[in-house]
Amino acid sequence: MAQWEMLQNLDSPFQDQLHELYSNSLLPMDVRQHLAVWIEDQNWQEAALGNDAAMANMLFFHFLDQLNSECGRCSQDSEYFLLQHNLRKFYRDIQALPTGSTQLAEMIFNLLLEEKRILTWAQRAQLEQQEPAPEAPGESQQHELDSRILKLQAMKEKLVKSISQLKDQQDVFCFRYNIEKSARTASLDPRQTRQMNILQETLNELDRQRKEVLDASKALLGQLTTLIELLLPKLEEWKVQQQKACIGAPPVGGLEQLEKWFTDGAKLLFHLRQLLKELKELSHMVSYQGDPLNEGVDLREAQVTELLQRLLHRAFVVESQPCMPQTLHRPLILKTGSKFTVRTRLLVRLQEGNESLTAEVSVDRKSPKSQGFRKFNILTSNQKTLTPEKGQTQGLIWDFGYLTLVEQRSGGSGKGNSKGPLSVTEELHIISFTVKYTFQGLKQELTTDTLPVVIISNMNQLSIAWASVLWFNLLSSNPQDQQFFSNPPKAPWNLLGPALSWQFSSYVNRGLDSDQLGMLRDKLFGQNSKTEGLSWVDFIKRESPPGKLPFWTWLDKILDLIHDHLKDLWKDGRIMGFVSRNQVRRLLKKTVSGTFLLRFSETLEGGITCSWVEHQDDDEVLINSVQPFTKEVLQSLPLTKIISQYQMLTEENIPENPLRFLYPRIPRDEAFGCYSQEKINPEERKKYLKHKLIFVSNRQVDELQQLPELKLEPELESLGFTSGPEHGPGLDLEPLLEAGLDLSLEPTLERTLEHTLGEVSQGVLEPHPGPQLQLEPIPELDVQAMPEPDLPYDLRHLNTEDMEIFRNSMRIEEIMPNGDPLLPCQNTMDEADVFSPSHFYADGPLSPSDY
C-alpha cells in the first residue's frame with residue numbers, strides 16, 4: 001500500500017497533523033494526492049542530500065512535465081477545475097524559486113520524511129490499543145536503536161552538506177584573496193578598502209562555518225559514541241545467552257540484527273573519518289591565526305579511530321562454539337583425532353573490494369604455566385581465507401568444518417604428559433582466531449577466543465567431561481579462566497536446578513517440573529539446599545545413596561535411557577520419573593487397585609521400574625515394584641508393550657495384568673495405546689501366526705497370608721513387604737531347604753514367546769539379587785505332600801489335586817500319540833512335528849523390590 005493511501009486511513013488526531021503539515025507547505029495537498037504514486041517512486045533523498053545537482057534538475061523538469069500533462073487531463077473535465085487551478089499555480093510557484101530544482105527536492109524530501117514519522121507514530125499507537133500489554137524491553141530497545149541510527153544518518157548527511165558549503169565558501173575566499181592580492185597597491189584607495197572589507201567578511205564567514213562544521217562533527221561523534229555504548233552491552237548479552245545455550249538453555253537468537261547495527265555504526269564512523277580528513281585538507285589549503293581546524297580536527301580524528309578500533313575488536317566473535325558432529329548436543333567437548341566444527345564472524349560487514357581476509361587458528365595462545373598441562377596442535381590446515389565475493393554474499397564468516405587436534409609429544413618422543421594437578425576432564429583449553437583486517441587505510445589485527453573446551457582421548461570420558469563443561473559455564477565469572485577447576489566454587493540450587501532441567505529439555509524435549517526438581521534437590525542437598533551449595537566433588541563422585549552410584553553418573557544414564565528408548569513417553573508426560581519410594585507409597589495408597597506409575601531406579605544404573613498398588617480385603621495396602629528395566633531389556637521389547645502385555649499369575653495360576661490405571665487415573669490403554677500400534681502385513685499373516693514377547697511375574701497362593709508372629713522392621717513395612725511365618729520352637733532350617741523351600745525375595749520376570757498353536761518358548765531373566773531375605777509360608781510337613789526328589793524343578797510345586805478328574809477319563813495314548821519323548825541318542829528324522837501347550841513357568845513369589 002502506498003504511503004499516501006495509508007495516511008488517508010489514519011485516525012483524526014494524526015490526520016490533523018497531516019493537514020497542519022501541508023498548510024505550511026508550498027505544495028498543495030490535492031497536488032500531493034493526485035501525483036502520489038509518481039512522487040513516492042522518485043529518489044528525492046539523493047537529489048536533496050547527495051549534492052547531486054544533475055539529479056535534482058532531472059527530477060525538477062520531470063515534475064514540470066507531470067504537472068503539464070495532468071493540467072491537460074483536468075481541462076477536459078469540469079469537475080477537476082479546482083485541481084487544474086492548483087496545478088497551474090504550483091507550476092508557476094516552483095519556477096519562481098531562486099534555486100528551483102534544489103528547493104523542490106528538499107521540500108518534497110522533508111514532506112515525505114514528516115509523513116513517514118506521522119505514519120510511524122500512528123501505527124505504534126494502533127498497536128498499543130490492540131495490545132494493551134507493555135511492549136517487550138527487547139523490542140522497545142530495538143526501536144530505539146533503529147531510530148537512533150536513522151537520526152545519525154540524517155546528522156551525517158547534514159554534515160556532508162555543511163562541508164560542501166564550507167568548500168564553496170573557501171573557494172570564494174581564495175578567489176577574492178587572489179584578486180585582492182594581485183590588485184593591491186601601496187596607497188589604499190576607497191575601492192581597495194572596500195575590497196579588503198569584503199575579503200574580511202568572507203574570512204569571518206569562513207571561520208564561522210568552520211566552527212559550525214567542527215561543532216557538528218563533535219555532536220555526531222558524541223552520538224556515535226552513545227550508539228556504540230548501547231551496542232556493546234547487547235553483544236555481551238548475546239554472549240552470555242550463547243554460553244547458557246551451550247549447556248542446554250533455550251537457543252540464542254541469530255546475529256543478523258546485531259550485524260546490521262554494528263555495520264551501520266561502523267559505516268558512520270568510517271564516513272566521519274573521511275570527512276575529518278577533508279576538513280584537514282581544507283585547513284592545509286587555507287590557514288589563519290585562530291583557525292579552529294588546526295587542532296580540533298586531529299583530536300576528533302583520534303577519537304574516531306579509537307572508537308573504530310574498539311568496535312572492530314569487539315565485533316569479531318565466535319558464532320558457533322566448537323562441537324564434534326557425533327555429539328551435537330554436547331558442544332565444547334573435543335576428542336583427539338576426531339573432526340570438529342567452529343564458526344567465527346565479524347559483525348562489521350565491510351570489506352575492501354580487492355582484499356581477501358584470512359583467519360588463523362591456534363590452541364592455548366596463553367596456556368597456563370602449570371606442570372603436566374597438556375598441549376595440542378591443529379593437525380589439519382589452521383587457516384581459512386574469505387574472498388570479497390563470498391564476503392559480499394554470505395557476510396564475513398569463517399566456517400571451519402574439518403579441524404582436528406593432536407596432542408604434542410613431551411620430550412620429543414612418547415605420548416604427551418598428562419600427569420598434572422588436574423584430571424583430563426578438568427583441563428580447560430581455549431581455541432583462538434586471528435584476522436588481519438584492512439579497510440579504508442585502517443589496519444587492525446583482530447582476535448577472538450572460544451569458550452574453554454575439554455579435550456578427551458576416549459569417548460568413555462564424555463559424561464564426566466560434560467559435567468565439567470556444565471559446571472564451568474554455570475559458575476565461572478571469567479570465560480577465559482583455564483585454572484577454574486583448581487578451586488571450583490560450590491553451586492547453589494537456584495542455579496543448579498534450572499541447569500539440570502535444561503539437560504532434559506534440550507536432549508529429550510521436556511524439562512523437569514517442580515516435583516521432579518524437588519526430588520533431585522533432596523537427593524543432593526537434603527535439608528541444606530537454601531544455606532549451602534553443592535561442591536564439585538559431591539556432584540560427580542559422591543555416592544547417593546552411599547554405596548550406590550555417583551549422582552551425575554546416575555542422572556546421565558537416565559538421560560541416555562530416555563533418549564534411546566523412552567523419548568515419546570517422557571515428552572508426553574507418561575513417566576513420573578524422579579520420585580522417591582516413600583513418595584510413591586504416599587501417592588498410590590490413596591488410589592484404586594491397579595494404579596501404577598513409572599519411576600527411575602535410584603540404585604540401578606539407567607533403569608526404570610513400574611510400581612502399583614493393591615488393596616487387600618483386610619484394608620492392607622501393598623505397593624509392588626518390578627525389577628527395573630534397563631536398556632538391554634528395552635532394546636528387545638519397548639516399555640509400552642511391556643506395560644500392555646505384562647502378566648502376573650494369580651492364586652489360581654491364571655495370568656492377569658495388574659496394571660490398570662496410570663496415575664492418577666488414566667486407563668492403561670488410553671495412556672499407552674497410541675504407542676503400541678503395529679503395522680500388519682497381510683502377506684505375512686497368511687504365512688505365520690503372530691507371536692509376542694511378554695513379561696510374567698508369579699504370585700503364589702500363600703503369598704498374601706499374614707502371620708502375626710513375625711515382626712518386620714519399620715522401614716520394610718513402609719516399603720510394603722508382607723510378613724511370612726516365624727520359625728516355631730525347635731524348627732530347623734535345614735529340613736526346609738531340603739524340602740525345596742523358595743527363599744527368593746525378588747519377583748521372577750519371564751520373557752515368554754507365546755505362539756497361538758500352544759507352544760511357549762521360555763526365556764527366564766536372572767533375578768536381581770535383593771538385599772533382604774523373605775521366608776515363604778511353611779507347608780505342612782506331610783510325607784505324601786512332599787514333591788518327589790527326582791522331578792524337574794518346574795514340576796515340584798505342581799498342584800496335582802486338581803488333576804484327579806483326568807485320571808480315569810484320559811488315556812496316555814491321547815496325551816502322547818507318538819509315544820514317549822525321544823532320548824538324546826535317538827534319531828528325529830522319522831518323528832512327526834507335534835505342538836503341545838505348556839504351562840507358565842514361575843519360581844518365586846512377587847514381593848516389593850528395593851529399586
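**View 1. T358 and its bridge partner in strand β6.**
Start with a pair of residues: in this predicted model, T358 has T385 of β6 as its bridge partner. The two belong to a longer pairing, since strand β4 (residues 357-363) and β6 run antiparallel to each other and are joined over four bridges. Step back a little and you can find four strands in an open sheet, ordered β6-β4-β8-β9, with antiparallel pairing. At the edges sit β6 (383-386) and β9 (442-449), each of which pairs on one side only. Going from one strand to the next, the twist averages 20 degrees.

**View 2. Strand β11, covered on both faces.**
Here we look at strand β11 (residues 595-600), where six of six residues are buried. In a regular strand, side chains alternate between the two faces of the sheet. You can follow that pattern here: T595, L597 and R599 lie on one side, F596, L598 and F600 on the other, and all of them are buried.

**View 3. The pairing partners of β11.**
Which strands pair with β11, and in which sense? Strand β16 (residues 661-662) pairs with β11 in the parallel sense, over two bridges. Strand β12 (residues 608-615) pairs with β11 in the antiparallel sense, over five bridges. To find your way, look for F596, whose bridge partner in β16 is L662, and for L598, whose bridge partner in β12 is C610.

**View 4. Helix α6, end to end.**
Helix α6 covers residues 53-74. How far apart should its ends be? With 22 residues at 1.5 Å a residue, the helix should span 32 Å, and the end C-alpha atoms are 31 Å apart, so the two values agree. Now look at the buried residues of α6: M55, A56, L59, F60, F63, L64, L67, E70, C71 and C74. An α-helix has 3.6 residues a turn, so residues three or four places apart point the same way. Try tracing that spacing through the buried residues, for example from M55 to L59 and on to F63.

**View 5. Helix α14, mostly covered.**
The same check works for helix α14 (residues 462-475): its 14 residues should span 20 Å, and the end C-alpha atoms are 20 Å apart, which agrees. Is this helix mostly covered or mostly open? Of its 14 residues, 13 are buried, so to speak of it as mostly covered is fair.

**View 6. The second largest cavity.**
The model holds four cavities of 30 Å³ or more. This view shows the second largest cavity, with about 50 Å³ of space. Its lining is made of H329, R330, W466, Q503, S506, Y507 and L559. Helix α15 (residues 493-508) gives the largest share, three residues. Sorted by class, the lining has three nonpolar, three polar and one charged residues.

**View 7. The second largest pocket.**
Finally, here is the second largest pocket, with a volume of about 1,100 Å³. How many residues line this pocket? There are 30, and F109, L113, K116, L150 and A154 lie nearest its centre. Helices α5 (44-49), α8 (100-130) and α9 (137-182) each supply at least two residues of the lining. By class, the lining has ten nonpolar, nine polar and eleven charged residues.

Note on methods: Residues numbered from 1 in each chain as written. Predicted model: local features only at pLDDT ≥ 70, side-chain atom pairs only at ≥ 80, totals over all residues. Heavy atoms only, no water. 1 Å grid on protein atoms, 1.4 Å probe; cavity = no way out; pocket = protein on both sides within 12 Å on 5 of 7 lines; lining within 4 Å. Points joined across faces, edges and corners; volume = space filled by probe spheres on them. Nonpolar A, V, L, I, M, F, W, Y, C, P; charged D, E, K, R; others polar. Expected span 1.5 Å × (residues − 1). Buried < 20%, exposed > 50% of the residue type's maximum accessible area, 1.4 Å probe, protein only. Pairing = 2+ DSSP bridges. Axes fitted to C-alpha atoms, helices over the stretch in contact; angles between N-to-C directions.
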